[in-house]
Amino acid sequence: MTQVETQPSNWNVPNVLTTLRIVLVPFFGWALLVDGGDSILWRCVAWAIFVGAMVTDKIDGDLARKHNLVTNFGKIADPIADKAITGMALVALSVVGDVWWWVTIVVLVREWSVTLLRLSILKMVVIAAADLGKLKTTVQAIALGTLCLPLRDPDLPGWAGTPGDIVFYTAQVCLAIAVGLTLWSGWEFFHSVWKQRHQLRAA
């Protein structure tokens, strides 16, 4: 007799954490844009939300795999939550002038095209998260999280603002590296999809 595999309920801690990240996205964007991005308090709040989202992204994935709580809802909602918070960070930082718009557009096109394609072929081919993609996510999170902080205060004298400027431009370098990794890992993903689909057709 074939034993029917029991699917875990969607009502579990990993999915709750994922849903919470999605719910916090608009509030995160609002906090980052208060006073045109010049509010020190609210940019710190935005940074705390972003860091919390990145931490819970790691936690809910680990919990789901460890306790066999992987669900179809989680498979769809988790990447959406991840791309929503990073996308909001990029857009808001571009609005306040801390990230070039072309960077935001390039990254968002790559991220959402990969996410939508991954979800559309979920049952046909399996594309595991590559080490390059994980590195890209880490560098991107560090860059965006740092840029959320109020690093540049025009009211400070030149010498007092220097440390903030150094951190700001260091974060910009990290973001540039993240963009390069984004394009590279995106090419690897699409190449892997094409290769697997070609093998399935040939089989």
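A residue is taken as exposed when its relative accessible area is over 50% and as buried when this value is under 20%, with partly exposed residues in between. In the present model, which is predicted, R65 has a relative accessibility of 58% and therefore counts as exposed, whereas D62, at 32%, counts as partly exposed. The side chains of these two residues, R65 and D62, form a salt bridge with an N to O distance of 3.0 Å. Both residues belong to helix α2 (residues 40-66), where a spacing of three residues separates R65 and D62 by about one helical turn.

The confidence of the prediction, expressed as mean pLDDT, is 83 for the chain, and 83% of the residues reach 70 or more. Among the elements of the chain, the highest mean pLDDT, 92, is found for helix α1 (residues 13-33), and the lowest, 81, for helix α6 (residues 158-202).

The count of salt bridges comes to 10, and a network of such contacts links D82, K83, R110, E111 and K136. Within this network, the side chains of E111 and R110 meet at 2.8 Å, N to O, and both of these residues are buried. E111 also forms a salt bridge with K136, for which the closest N and O atoms are 2.9 Å apart. Because K136 lies in helix α5 (residues 131-148) and E111 in helix α4 (residues 101-120), this pair ties together parts that are 25 residues apart in sequence. K136, like E111, is buried, in contrast to R65 of the helix α2 pair, which counts as exposed.

Technical notes
Residues numbered from 1 in each chain as written. Predicted model: local features only at pLDDT ≥ 70, side-chain atom pairs only at ≥ 80, totals over all residues. Heavy atoms only, no water. pLDDT = per-residue confidence, 0-100. Helix = DSSP H or I, 4+ residues; strand = E, 2+ residues; numbered from the N terminus. Salt bridge = Lys/Arg side-chain N within 4 Å of Asp/Glu carboxyl O. Buried < 20%, exposed > 50% of the residue type's maximum accessible area, 1.4 Å probe, protein only.
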